[in-house]
Amino acid sequence: MKKTFGIFAIVLLLLSCEADGTEASFFYDNPEIPIYIPKGFPELNPSVKANPPTLYGVELGKKLFHDKKLSSNNSISCASCHQQSNAFTDNRPQAIGVHHRIGLRNTPPIQNMSFMRFYNWDGNILLLEKQPLVPIVTHEEMDSSILEIIDKLSNDPDYKKLFVKAFGDEEISPQRIYNSIAQYEYTLISANSKYDRVMRNEGEAFTASELRGYQIFEQKCAACHSTELFTDQSFRNIGFPTNPNPDEAGRGRVTGKPEDYMSFRVPSLRNVEYTAPYGSFGQFSTLKEVLDYFDNGVIDAPNLDPILKENGNSIPLTEGEKEELIAFMKTLSDANFTAIE
Amino acid sequence: MKYYKNLLLFAILTFTLLSCSSNDDNPVANEITLHFHNTFKDTGIVLGNATSAEATTNKSAAGQLHHFSELKYAISNIRLIGKNGEEFPYHINDLDRGATVIDQSKSESLDFVLTNIPSGEYSGIKFGLGIKQELNTLDELRFPNFYATAGANDTEMMWEWGSGYRFVKLEGFYDTDHKQMSIHTGSTVTGTKGDEESYTQGVDAYRDISLNLPVNATVGKNAPTITIKADFDKLLSGKTNTIILSTGDSAEDNATPNIHTAEAMLKFVDNLGGNGTSDLSGMFSVEEVIN
């Protein structure tokens with residue numbers, strides 16, 4: 001697909017050069033890449049239309065995403081923590097930035113961002129284009145600054161070319177960096193798991209264990225892990241062990257509302273098999289540990305989620321049910337998504 | 001920034017000397033110096049570590065002893081009020097020229113010089129404690145100097161996760177056992193005020209301060225100095241809230257940065273910068289105008 005576009009662009013370029021006969025007018029065909037909406041997914045976040053992914057915008061964003069120059073000492077890139085093979089997480093309890101500094105929280109997966117309304121575990125970011133600056137300046141992450149980065153990129157002829165292709169001229173501006181990274185992230189869509197193929201009647205079927213897991217899931221989990229994103233994007237305090245770092249308050253630090261204290265966005269369960277450890281600071285190393293915790297009972301709080309309160313602060317599960325739930329959750333793994341091209 | 005200020009000082013000195021010798025138009029006379037005097041009630045604040053003997057200790061209305069090791073706040077959106085009530089905005093949309101970080105540990109930061117002020121009499125001043133929402137975006141490209149000042153390692157007036165600036169940063173110790181207190185304020189508002197669709201979440205910690213001058217500041221003949229007192233006694237014993245510090249890990253504990261959570265942060269904000277309605281001065285008052 002990409003190749004076709006590339007050849008098409010070159011052909012157009014040659015044609016256009018011949019047509020007007022001037023060397024100066026470089027013309028790159030930079031078509032929009034349509035975001036396909038998988039069956040049953042919610043509608044696109046309007047920001048996708050405001051910053052629609054283009055062929056070269058995405059290529060540039062992908063290059064920036066993997067470029068260690070974004071960090072102060074050129075040691076980490078976005079992809080250092082957001083590793084595609086782990087559904088863009090890093091399998092660490094908390095993210096690790098420059099000089100091995102440990103961040104506040106567990107690295108969130110990057111998938112299906114085009115359909116999300118809130119970003120990060122506390123939902124502090126509503127516009128994906130506003131996110132890249134946060135890790136760039138954060139002391140425990142890249143500890144750099146946007147002008148420092150632009151300075152580094154300006155010396156790289158490859159970037160000059162890519163900025164021309166993506167945006168029409170060589171200017172490397174903060175907004176172009178943010179937009180291209182967001183464009184790349186908008187294209188990261190995971191909707192081809194076994195679960196999806198079963199639901200689309202593409203000839204696959206759940207095993208008996210997966211099917212029972214699905215039924216238990218519908219009964220005991222789907223109130224929060226709802227929609228085809230497997231999250232209702234609400235913020236809830238579910239009584240997990242709390243992060244001892246005094247900076248942590250969950251969504252409470254964003255909204256200033258007591259009912260949001262230690263509340264976090266319901267995580268999507270897509271690719272959950274690949275995103276261990278679990279919890280806002282990686283409290284649980286396995287899915288089994290998470291389910292055991294719910295079964296044994298969670299920590300009470302004034303703002304504990306009402307669904308948990310109504311059920312005696314727990315989600316009772318037999319050992320067999322836990323196994324079946326895990327079998328079902330593994331059907332949400334999308335090996336095409338995590339395979340590095 | 002320090003270099004910049006030194007340069008400014010040098011320029012002022014040069015101008016002063018020149019003007020003394022020539023008797024011509026006097027640009028220095030079209031300046032106003034804002035001097036920030038950080039106090040506990042009437043006593044100037046001295047910073048100190050946990051067991052410092054020199055640090056100025058204060059007692060709150062609730063009886064809690066406390067002192068600071070670090071005291072910083074951002075001032076922006078300065079408007080002078082002419083004697084007939086007209087407003088003179090001072091680079092209100094340019095953080096590099098119109099905003100500053102007051103840092104008790106750097107005496108040069110306590111004076112902010114406003115230049116090229118039209119000759120005339122001024123009866124009041126307005127300014128913001130913090131940065132107004134539309135400029136609070138860590139835009140290094142637009143305001144490299146303020147970004148550098150606020151973001152410097154020794155200043156840390158950047159609120160990284162909120163992609164904005166810290167408005168107030170107070171570090172210190174409280175109670176007789178010197179428990180740590182760490183109070184940071186900043187906005188988490190998302191979107192644009194007035195635009196219902198985008199203005200969806202977060203708290204606004206920016207406060208607009210409005211002060212009358214006890215005597216008019218006369219610009220043109222001399223360069224007046226306005227001493228603005230910032231009385232940090234108000235932090236815990238304010239016009240809006242009486243606050244008792246507590247340490248712990250619940251939502252109500254407020255002595256450490258988990259005040260980010262809450263209403264708790266806004267209580268500090270309202271005490272320091274006023275509540276935006278009935279109190280438009282918070283901890284600030286004009287101590288003196290020297291013409």
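Which residues have the most contacts inside the largest nonpolar core? The legends below refer to a predicted model.

**View 1. The largest nonpolar core, with B:Phe167 and its surroundings.** This core has 104 residues. Those with the most contacts inside it are B:Ile32, B:Ala74, B:Ile75, B:Ile131, B:Ala150, B:Tyr165 and B:Phe167. When neighbours within four places in sequence are left aside, B:Phe167 contacts B:Tyr73, B:Ala74, B:Leu129, B:Gly130, B:Ile131, B:Thr185, B:Gly186, B:Ala205 and B:Tyr206.

**View 2. Another nonpolar core, apart from that of 104 residues.** It consists of 21 residues. Among them are A:Phe217, A:Ile238, A:Phe328 and A:Met329.

**View 3. The contact between chain A and chain B, seen from the residues of chain A.** Chain A supplies 23 residues to the contact and chain B 26 residues. On the side of chain A that touches chain B, two or more residues come from each of helix H5 (133–137), helix H6 (146–154) and helix H11 (252–255) of chain A. H11(A) gives the largest share, four residues. By residue class, this side of chain A has twelve nonpolar, eight polar and three charged residues.

**View 4. A:Met142 in the loop between H5 and H6 of chain A.** A:Met142 counts as buried because 29 other C-beta atoms lie within 10 Å, where 20 or more are required. Residues up to four places away in sequence not counted, A:Met142 touches A:Leu70, A:Ser71, A:Ser72, A:Ile76, A:Gly97, A:Val98, A:Pro135 and A:Ile136. A:Asn73 is 69 residues from A:Met142 along the chain, and their C-alpha atoms are separated by 8.3 Å.

Note on methods:
Residues are numbered from 1 along each chain as its sequence is written. Chains are lettered from A and ligands numbered from 1 in the order in which they are written. This is a predicted model: local features need pLDDT of at least 70, side-chain atom pairs count only at pLDDT 80 or more; totals for chains, interfaces and linings use all residues. Two residues are in contact if their C-beta atoms, placed from the backbone, lie within 7 Å. Ala, Val, Leu, Ile, Met, Phe, Trp, Tyr, Cys and Pro count as nonpolar, Asp, Glu, Lys and Arg as charged, and the others, Gly among them, as polar. A nonpolar core is a set of buried Ala, Val, Leu, Ile, Met, Phe, Trp, Tyr and Cys residues joined through C-beta atoms within 7 Å. A residue is buried if 20 or more other C-beta atoms lie within 10 Å of its own, exposed if 12 or fewer, and partly exposed in between; C-beta atoms are placed from the backbone.
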